Amino acid sequence: MNMGKRLGAEFFGTFWLVFGGCGSAIFAAAFPELGIGFAGVALAFGLTVVTMAYAVGHISGGHFNPAVTLGLCAGGRFAAKDVVPYIISQVIGGLAAGAVLYLIATGKEGFDASARFAANGYGEHSPGGYSLMACIVAEFVLTAFFLIVIHGATDKRAPAGFGPLAIGLALTLIHLISIPITATSVNPARSTGVAVFQGSWAIQQLWMFWLVPLIGGAVGGLIYKHLLETRD
């Protein structure tokens, strides 16, 4: 597939993930009286992945996440030479979604992006007040298992056509676990897309939501490749 189309698919897929997932957190999670809550936000993130994986996954592979791209590379499923272009496209998609969310959100009087804007945080900026170490462990373990699920669900021996469902449900579960811990990243592009518009502490803490998911993704890919994958 033409690289331009692949990068375009990653842009739109990541845009949809950030717009849909973070948008649900910003606008609908605690809507004045009856919001969708944590479960609704978790489902929204899962649905963005399912829908775009079916829509454009056949074009780019449906990564929408730098940690997934690196993890698939570590697992031998993705060419190293394409990692950086994919990540750049994903980050741009995330930032574009963050910009649109900010434009919409500022249309309401009294809106203050610095309050949170669906940004990821640790310590005093963790939704539940979890320490930096606790947040590192959560992001590492959840990203590693996410990559194990992705590798397994897309293995040639897995049931055909069900990969996006398994991956979307895995992301939903990840959010159900970790929204109170870090607001759930496992995706540096998702974190970057809103941190830039939050504008203060989220940018200062962004390093963790790049470093740990990337390491976790790579470890997950290596685990599947060396411990779980069956070779002919």
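Analyst: Buried means under 20% relative accessible area, exposed means over 50%, and partly exposed is anything in between, using a 1.4 Å probe and protein chains only. The model is predicted, so local features need pLDDT of at least 70 and side-chain atom pairs count only at pLDDT 80 or more, while totals for chains, interfaces and linings use all residues. Residues are numbered from 1 along each chain as its sequence is written, and side-chain values use heavy atoms, leaving out hydrogens and water.

User: Thanks! Why does R77 count as partly exposed?

Analyst: R77 has 30% relative accessibility. That value falls between the 20% and 50% limits, so R77 is partly exposed.

User: And what makes D155 and R77 a salt bridge?

Analyst: The closest N and O atoms of D155 and R77 are 3.6 Å apart. A salt bridge asks for a side-chain nitrogen of Lys or Arg within 4 Å of a carboxyl oxygen of Asp or Glu, so the pair qualifies. D155 sits in the loop between α5 and α6 and R77 in the loop between α3 and α4, so the pair ties together parts that are 78 residues apart in sequence. D155 itself is buried, at 10% relative accessibility.

User: Which residues does the salt-bridge network join?

Analyst: Through shared partners, R77, D155, R157 and E229 become one network. One of its links is D155 with R157, where the closest N and O atoms are 3.9 Å apart. R157 is partly exposed, with a relative accessible area of 44%.

User: How do you know that D82 and R6 meet in a salt bridge?

Analyst: Their N to O distance is 3.2 Å, and the whole structure holds 5 salt bridges. D82 belongs to the loop between α3 and α4 and R6 to helix α1, so they link parts 76 residues apart in sequence. Both partners are buried: D82 has a relative accessible area of 6%, and R6 has 16%.

User: Why is α7 called largely enclosed?

Analyst: A helix is a DSSP run of H or I with at least four residues, numbered from the N terminus, and α7 spans 188-198. Of its 11 residues, 9 are buried, so the rest of the structure largely encloses α7. Those buried residues, including P188, R190 and Q198, pack against α1, α2, α3, α4, α8 and α9.

User: What marks the start of α7?

Analyst: There, a side-chain oxygen of N187 reaches to within 3.0 Å of the backbone nitrogen of A189. After the helix comes G199, with a positive phi near 85 degrees.

User: What makes T143 buried, and which residues is it in contact with?

Analyst: T143 has 0% relative accessibility, under the 20% limit, so it is buried. Contact means heavy atoms within 4.5 Å. Leaving aside neighbours within four places in sequence, T143, in helix α5, is in contact with A67, V186, P213, G216 and G217. Its side chain also reaches the backbone oxygen of E139 at 2.6 Å.

User: How many residues are in the largest nonpolar core?

Analyst: There are 42, and V18, C22 and F146 have the most contacts inside it. Such a core joins buried Ala, Val, Leu, Ile, Met, Phe, Trp, Tyr and Cys residues through side-chain atoms within 4.5 Å. The largest share of the 42-residue core, 7 residues, comes from α4. Beyond its neighbours within four places in sequence, V18 is in contact with residues including G94, L101, A189 and V194.

Terms used:
Helices (H or I, at least four residues) and strands (E, at least two) are DSSP runs, numbered from the N terminus. A polar contact is a pair of N or O atoms within 3.5 Å; within protein, one must be able to donate a hydrogen and the other to accept it, and residues adjacent in sequence count only if both atoms are side-chain atoms.
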